[in-house]
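Biologist: I'm new to this one and would like a close look at a single part. Could you pick out one helix and walk me through what surrounds it?

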Amino acid sequence: MDEDRIRTVGAFLKTLPECVPSDWTFDGLPGVGDPYAIDFFFLAVKHQYGFWLDDGEKYESPMFGVIDGRRLKGSDFIWHAILRSGRRNHDIYNIERQSTLSRSQIFDTFADDEGQCPLPMFETHCRIWKSYSRDLLQLNRTPRQIVESCRADPNPVSALLRILASVGGYKEDPLAKKA
């Protein structure tokens, strides 16, 4: 990461009148000031994949699921499912709790209104869930602690990438697209 270039581009964008600040929130994400926002994103981002159905050889159609009566496609379904679970019980964001969740409890997190999990690659989501919590427990750091340490680093983006390179759900991605 070229931290100087990132700062230069950021400073330039601030000068453009058409670049108005955004809170980057939308339906399905925590609101501004939500105390669980960092935990939500660390938990949810790693599940942003596999939103399609195939016939074993090629793509057939996108995945949809219904939450609160709304038909949601792929990524939107993931955001809403995890946010709904977190609103029902904030303990889902607790790393120790995540490490003890059973397959059935992870299924319930991603269940639609009919009680079915529409994720085509559900078993991989279970493995990533377990790997993520195990790795964070091994690091002995919460998502909030990771963010705070990265903010204090002279190169915060590079620091975050280094840490996530050892965390399940992120470490499997050589291009660090989820980080």
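Modeller: Here is a walk along helix 3 and then out into its surroundings. Keep in mind that this is a predicted model.

Let's start with the helix itself. Helix 3 covers residues 74-88, and its 15 residues, at 1.5 Å a residue, should span 21 Å. The C-alpha atoms at its ends are 21 Å apart, so the expected span and the model agree.

Now, how covered is it? Mostly: 11 of the 15 residues in helix 3 are buried. Gly74 is one of them, and there is an unbroken run from Phe77 through Ile78, Trp79, His80, Ala81, Ile82, Leu83, Arg84 and Ser85 to Gly86. The cover over those buried residues includes two helices, helix 2 (37-45) and helix 5 (103-109), along with strand 3 (64-67) and strand 4 (70-73).

That leads us to the core. In soluble globular proteins, nonpolar side chains tend to be buried together. Here the largest nonpolar core has 36 residues, and the ones touching the most other members are Phe40, Ile82, Phe110 and Leu119. Helix 2, helix 3, helix 6 (122-139), helix 7 (143-152) and helix 8 (156-164) each give two or more residues to this core. Helix 3 provides the largest share, with 6 residues.

Leu119 is a nice one to click on. Leaving aside residues up to four places away in sequence, Leu119 touches Phe77 and Ile78, as well as Met63, Phe110 and His125.

Next, the rings. There are 6 aromatic pairs by the rule used here. One of them is Phe40 with Phe41, an edge-to-face pair with 5.0 Å from centre to centre and 85° between the planes. These two partners sit in unlike settings: Phe40 is buried, at 0% relative accessible area, whereas Phe41 is partly exposed, at 31%. Trp79 joins Phe40 and Phe41 in one aromatic cluster, and Trp79 is among the buried residues of helix 3.

One more ring is worth a look, since strands 3 and 4 came up as cover: Arg71 lies over the face of Phe64, 3.6 Å from the ring centre.

Finally, a word on cysteines. Searching the whole structure turns up 0 disulfides. Cys117 has its nearest cysteine sulfur in Cys126, 7.8 Å away, and that is too far for a bond. Both cysteines are buried all the same, Cys117 at 15% relative accessible area and Cys126 at 9%.

How values were computed. Residues numbered from 1 in each chain as written. Predicted model: local features only at pLDDT ≥ 70, side-chain atom pairs only at ≥ 80, totals over all residues. Heavy atoms only, no water. Helix = DSSP H or I, 4+ residues; strand = E, 2+ residues; numbered from the N terminus. Expected span 1.5 Å × (residues − 1). Buried < 20%, exposed > 50% of the residue type's maximum accessible area, 1.4 Å probe, protein only. Contact = heavy atoms within 4.5 Å. Disulfide = S-S within 2.5 Å. Core = buried A, V, L, I, M, F, W, Y, C linked by side-chain atoms within 4.5 Å. Phe/Tyr/Trp six-rings, centres within 6.5 Å; stacked < 30°, edge-to-face > 60°. Lys NZ or Arg CZ within 6 Å of the ring centre and 35° of its normal.
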